[in-house]
Amino acid sequence: MHGINKKTLMWYDEIGLFKPAFINPENGYRCYNYYQSPVLETILLLRELEVPINEVHNFMKDRSAQNLKNLLDEKIADLDSQLMHLQAIRTTLCTQREHMITLMTMDLSKISMIEHKERSFVTVDVNPDTSFEEEVELITAETEKYHLGRLHDASYGSMIAVSSLQNGNFDDYSKLFIEVPFLTYQSTMHTTPAGKYLRTFHKGSWDKIPERYEEIFSYAKKHNLALHGYSYEMGINENVIDKIEDYIIRIEIPVTEI
């Protein structure tokens, strides 16, 4: 009925957690009755929820609706946290898989139009004088606020204003963004606009990125598109390369038709 083995029942009897209703004096067999079923099921439920045996013991000594509710509240909160973490892992894996599919199929020379839903990013402010080490410290400090298991449980990138790009200030990065999979919107977060984006890629040295942006400007002008907001840059192949020369950045910029 309960899927419990004999040894566990004997152990529960020995530690005084769940005793049989009757022990046969002739052969020592432990006998249980139907009315004990809900009690055993409660014990098994708590054990399945990984409640320590001493806590189960304490609860069984003082069973009440309030005490059981308190235990279940705690475990439901734990399960919610685990589910959120698993969903975040799934989102991260799906993002990584999408990057790998892109790597296998993309044309580095192509500029394409895509649609994006509204997204919310956590951001940290930077400037051209911010060193790489300082950027890492800023990102690490910010992600710690959201209790990520590891740094790569989120996606990261750089933001540079379109106005800076159009003025030829190609190193005027103003923010780093963090896309935390399970985070709900907060007023302090940066919201990307929903709609059309130009997407392209850059491979290799950052010194050559201005040339890629010039190609984007030419494409936008040819197709009567206005760039606005920020350009969002994200590395997509860090985990499958050994040389920085092979590093590929995905560039996405919101656009509207003129």
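**Exercise 1.** Decide whether tyrosine 35 is buried or exposed.

*Solution.* Step 1: take the cut-offs, where buried means under 20% relative accessible area, exposed over 50%, and partly exposed in between (1.4 Å probe, protein chains only). Step 2: tyrosine 35 has a relative accessible area of 71%, so this residue is exposed.

The model is predicted: local features need pLDDT of at least 70 and side-chain atom pairs pLDDT 80 or more, while totals for chains, interfaces and linings use all residues. Residues are numbered from 1 along each chain as its sequence is written, and side-chain values use heavy atoms, leaving out hydrogens and water.

**Exercise 2.** Find which parts of the chain the salt bridge of aspartate 13 and arginine 30 links.

*Solution.* Step 1: a salt bridge is a side-chain nitrogen of Lys or Arg within 4 Å of a carboxyl oxygen of Asp or Glu. Step 2: the side chains of aspartate 13 and arginine 30 meet this rule at 2.8 Å, N to O. Step 3: aspartate 13 lies in helix α1 (residues 6-14) and arginine 30 in strand β2, 17 residues apart, and the pair links distant parts of the chain. Helices (H or I, at least four residues) and strands (E, at least two) are DSSP runs, numbered from the N terminus. Step 4: aspartate 13 is buried at 9%, whereas arginine 30 is partly exposed at 31%.

**Exercise 3.** Explain why arginine 212 and glutamate 215 are separated by about one helical turn.

*Solution.* Step 1: their side chains form a salt bridge of 2.2 Å, N to O. Step 2: both residues belong to helix α7 (residues 209-222) and are three residues apart, therefore about one helical turn separates them.
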